[in-house]
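Q: I would like to learn how to read a model of this kind, feature by feature. Could we begin with the terms and then turn to the case at hand?

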Amino acid sequence: MDAVQETGSMVSSAIALCRRDRWTEAADLLAENDSWRTESPVSAMLGELFGGLAELWDGRCARFGANLTERERWPLRTVPRYRNDQITVYVSALLVLGERARAEKLLADEEFPETGLRDGERSMLAAMRGQPARAIDFARRAVTGRSPRGYDIGSAATQLSTVSVLLSQGRATEARELLTAARATAPTLAHLLDIAEARVDVASGETDRAVRRLHAATRGLAVGTDIAWAELAELALRRNDRASAKQALGALEDLATAMPTGRVLLHRHLVRACLGEEPAGECLWLARERGQPLELAVVTERLARHG
């Protein structure tokens, strides 16, 4: 965002930490001294925006949720440039969380065209809608820099979703190539690329390596770790290691308490059902309600696999 150059030093420092994936430190910095709220309208906007994101990625949803609900209070909302920046970031964050319906509702409520989004956000939307060719095309354009980049908080999540699409089509080599290109862009939320790489490892039969990657991905930010824990539970059940699967479920239970997004709750229900600790009906209902074909296919396959 060009607006970063117009902010005070504290907000600039916090955003610099975010760019280096040090979101928790950024949240702490902005919380220690909130003088940025009165420095300038741009400082107030970006401080609140990135402060809310930093807390969200760390598993604290309240501030992000309030900012999303109370959009009339956004700083500089009446200035098209800054309004568009905020809408784009919130849509991207919702897609990172797997919240397709909420992202689409925000776009509709704000009368914001999808063509105004970056290629990364459009790729995630396409993947969640079951449009694989569009998802792959937009993801490749995003990684090669043919679209405006701005401050792209969703880049790693875009590649994770696209890798999943490619693997569903048996295209593991292309998935690895895409990941290599994505790594070169040094995206934030880089642990999501580790999860993507673990999925490629599983497809290639390298399950031990996948388990190591997935565990590593759970040792930092909270966002996306529901995917890692669900994958770890699945791999544990495949080798009849119920103790490890239950450990993964425990982590999902804790995450669902702190961060009860639709995807986190779905993964919790999925692991419970696969362990035989609840009927499959709740999990299937939630997967169908979310309306994401690839996600539903994975859920159905796992439930069938484990009876």
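A: A helix here is a DSSP run of H or I with at least four residues, and helices are numbered from the N terminus. With that in mind, Glu 55 can be placed in helix H4, which covers residues 41–57. Please keep in mind throughout that this is a predicted model.

Q: Is Glu 55 buried or exposed, and which residues does Glu 55 touch?

A: A residue is called buried when its relative accessible area is under 20%. Glu 55 has 15% relative accessibility and therefore counts as buried. Leaving out residues up to four places away in sequence, Glu 55 touches Ala 27, Arg 60 and Arg 63.

Q: What does the secondary structure of the protein chain come to, and how does its radius of gyration compare with the globule rule?

A: The protein chain has 18 helices and zero strands. Its radius of gyration is 19 Å, close to the 19 Å that the globule rule gives for 307 residues, so the chain is as compact as a globular protein of that length. Taken along the principal axes, the C-alpha atoms fill a box of roughly 60 × 35 × 35 Å. Among contacts between residues at least 6 apart in sequence, 62% join residues at least 24 apart.

Q: What percentage of the residues is buried, and which residues touch the most other members of the largest nonpolar core?

A: In soluble globular proteins, nonpolar side chains tend to be buried together. In this chain, buried residues make up 54% of the 307 residues, and about 13100 Å² is exposed, of which carbon and sulfur atoms supply 49%. The largest nonpolar core has 102 residues, and those touching the most other members are Trp 23, Phe 50, Leu 53, Trp 57 and Leu 189. Taking Leu 53 as a case, and leaving aside its neighbours within four places in sequence, one finds Leu 53 in contact with Trp 23, Phe 64, Val 89, Ala 93 and Ile 153.

Q: How should I read a single helix, for instance H11, and where do its buried residues fall?

A: One may begin with the length and then ask which residues are buried. At 1.5 Å a residue, the 13 residues of helix H11 (residues 172–184) should span 18 Å, and its end C-alpha atoms are 19 Å apart, which agrees. The buried residues of H11 are Ala 175, Leu 178, Leu 179 and Ala 182. Seen down the axis of H11, these buried residues fall within an arc of 100°, so they line one face of the helix. The face turned away from that buried side carries the exposed residues Thr 173, Glu 177, Thr 180 and Ala 184. The packing partners of the buried residues of H11 are helix H9 (132–143), helix H10 (155–168) and helix H12 (191–203). After H11 comes Ala 186, whose phi is positive, near 50°.

Q: Which residues of helix H18 are buried, and against which helices do they pack?

A: The reading proceeds from length to faces to partners. Helix H18 (residues 293–305) has 13 residues and reaches 18 Å from its first C-alpha to its last, close to the 18 Å expected at 1.5 Å a residue. Its buried residues are Glu 295, Val 299, Arg 302 and Leu 303. Seen down the axis of H18, they fall within an arc of 100°, so they line one face of the helix. These buried residues pack against H14, helix H16 (262–274) and helix H17 (281–290). Gly 307, whose phi is positive, near 70°, follows H18.

Q: Where is the place of Glu 110, and which residues does Glu 110 touch?

A: Loop residues can be read by the accessibility cut-off already given. Glu 110 lies in the loop between helix H7 (100–109) and helix H8 (119–128), and at 5% relative accessibility Glu 110 counts as buried. Not counting residues up to four places away in sequence, Glu 110 touches Arg 71, Arg 77, Arg 83 and Ile 87.

Q: In which loop is Ala 222 found, and with which residues is Ala 222 in contact?

A: Ala 222 is found in the loop between helix H13 (207–217) and helix H14 (225–238), and is buried, with a relative accessible area of 13%. Leaving aside its neighbours within four places in sequence, Ala 222 is in contact with Trp 57, Asp 58, Gly 59, Leu 255 and Met 259.

Key: Residues are numbered from 1 along each chain as its sequence is written. This is a predicted model: local features need pLDDT of at least 70, side-chain atom pairs count only at pLDDT 80 or more; totals for chains, interfaces and linings use all residues. Side-chain values use heavy atoms; hydrogens and water are left out. A nonpolar core is a set of buried Ala, Val, Leu, Ile, Met, Phe, Trp, Tyr and Cys residues joined through side-chain atoms within 4.5 Å. Buried means under 20% relative accessible area, exposed over 50%, partly exposed in between (1.4 Å probe, protein chains only). Contact means heavy atoms within 4.5 Å. Helices (H or I, at least four residues) and strands (E, at least two) are DSSP runs, numbered from the N terminus. The expected span of a helix is 1.5 Å times one less than its number of residues. The arc is that of the directions from the helix axis to the C-beta atoms. The radius of gyration is taken over C-alpha atoms; the globule rule is 2.2 Å times the number of residues to the power 0.38. Accessible areas come from the Shrake-Rupley method with a 1.4 Å probe; for residues, only the protein chains shown count as cover.
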